[in-house]
Amino acid sequence: MDERDWLIIKTLDKYKSITKAANVLYLSQPALTSRIKQIEGSLNTKLLYRGNKGITFTPTGKKAVVFAEHILDEMHDFREEISDMNGDVSGVLRLTAPAIISAYYLPRLLSKFKEEYPNVRFEVTVADSTEIVNTMNSKSFHFGFLRNDFGWDESEKILLATNYIVAVSMQPFKLEDLPKMVRVEYETDSYYKLLLDTWWNENFRERPNIGMQVATIGLGKEMIFGGMGYGILPSIFLPEAPGCYNIPLCDKDGKKIIRKTWLIYKKESLDIKLAKTFFDFIQSHDFESFLKPQNQLEQ
């Protein structure tokens, strides 16, 4: 068995689905199924069962998952040590970030970093804030980007940007009109949803009039800007619809409700040359300069 096989086992455990794992690993389902059989043959044991609700691991399969995570972590550490010994800024930089940060900031940020350090490769995982905190605590990534800090240690985070929350519509409106207006709702992380629900309950007795429910904030934004109803969005989206009407949400003290973007890390990660180089790079640049220009934003 090689490193790729251990990665297959780890990916199967994460997604609990042959289809999803195949997509992530850039394999066809038949190719992945065939490889699983070969892995089971080399270990002389059955690792998993397939059912209508996905896959489940056998007791030996669960043991293999633990060992796979150990092997892959050791390989990552070994490569980083070799890179440091050679004095090169190279290797794989592992990052995890919410969808908004991944789409709106990381392309230009990583492109600029790649220009200065061409031997660096990237592993970027998109996740919600709760999952990012969990994976960063498990030391699976060098850095995580958060839209709120979740109480992360002050000595292991830096503030990158601050945005505010707005009610948005393509038609003129006042905040007191919102309960009577049709709202476009989207799925989001529990922290942000609680933030919006708390604001609503502090200002209105009526429940919001949900006229459309969509899966992602990106799709919700498109529906709002397409005139399907009003929505509540981060101000980062406003340049995409210059003609929209928007009103910032404020707390009880009349202050704008903001969302901060943080870079979080573990101190020991900075002992790795690649991670320390990226950390210094982030600190030496204005994070907002990596925001995609308006003429590049999807309309």
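# How do we know? Questions about a predicted model

Visitor: Why is Glu154 called exposed?
Guide: Glu154 has a relative accessible area of 58%. Buried means under 20% relative accessible area, exposed over 50%, and partly exposed in between (1.4 Å probe, protein chains only). Glu154 is therefore exposed, as 58% is over the upper cut-off.

Visitor: Before we go on, what kind of model is this?
Guide: This is a predicted model, where local features need pLDDT of at least 70, side-chain atom pairs count only at pLDDT 80 or more, and totals for chains, interfaces and linings use all residues. Residues are numbered from 1 along each chain as its sequence is written, and side-chain values use heavy atoms, leaving out hydrogens and water.

Visitor: What makes Glu154 and Lys157 a salt bridge?
Guide: A salt bridge is a side-chain nitrogen of Lys or Arg within 4 Å of a carboxyl oxygen of Asp or Glu. For Glu154 and Lys157 the N to O distance is 3.2 Å, so the pair qualifies.

Visitor: And is Lys157 buried or exposed?
Guide: Lys157 has a relative accessible area of 6%. That value is under the lower cut-off, so Lys157 is buried.

Visitor: How do you know that Lys252 and Glu202 form a salt bridge?
Guide: Their closest N and O atoms are 4.0 Å apart. The rule says within 4 Å, so this pair counts. Lys252 lies in the loop between strand 10 and strand 11 (258-264) and Glu202 in helix 8, so the pair ties together parts that are 50 residues apart in sequence. Helices (H or I, at least four residues) and strands (E, at least two) are DSSP runs, numbered from the N terminus.

Visitor: How many salt bridges does the structure hold?
Guide: There are ten salt bridges. Another of them joins Asp197 and Lys193, with the closest N and O atoms 2.9 Å apart. Both residues lie in helix 8 (residues 190-203), four residues apart, about one turn of the helix.

Visitor: Why is Glu40 without a salt bridge?
Guide: Glu counts as negative, as does Asp, while Lys and Arg count as positive; His and the chain ends are not counted. The nearest side chain of opposite charge to Glu40 is Lys46, 4.4 Å away. That is beyond the salt-bridge limit, so Glu40 has none. Glu40 is buried and sits in helix 3 (residues 29-43).

Visitor: How many disulfides are there?
Guide: The structure holds zero disulfides. A disulfide is a covalent bond between the sulfur atoms of two cysteines. Here a disulfide is taken as a pair of cysteine sulfur atoms within 2.5 Å.

Visitor: Why does Cys244 not bond with Cys250?
Guide: The sulfur of Cys244 is 16 Å from the closest cysteine sulfur, in Cys250, which is too far for a bond. Cys244 has a relative accessible area of 11%, so Cys244 is buried. Cys250, at 29%, falls between the two cut-offs, so Cys250 is partly exposed.

Visitor: What makes Pro248 partly exposed, and which residues does Pro248 touch?
Guide: Pro248 has a relative accessible area of 23%. This lies between the cut-offs, so the label is partly exposed. Contact means heavy atoms within 4.5 Å. Not counting residues up to four places away in sequence, Pro248 touches Tyr164, Ile165, Val166, Leu175 and Lys256.
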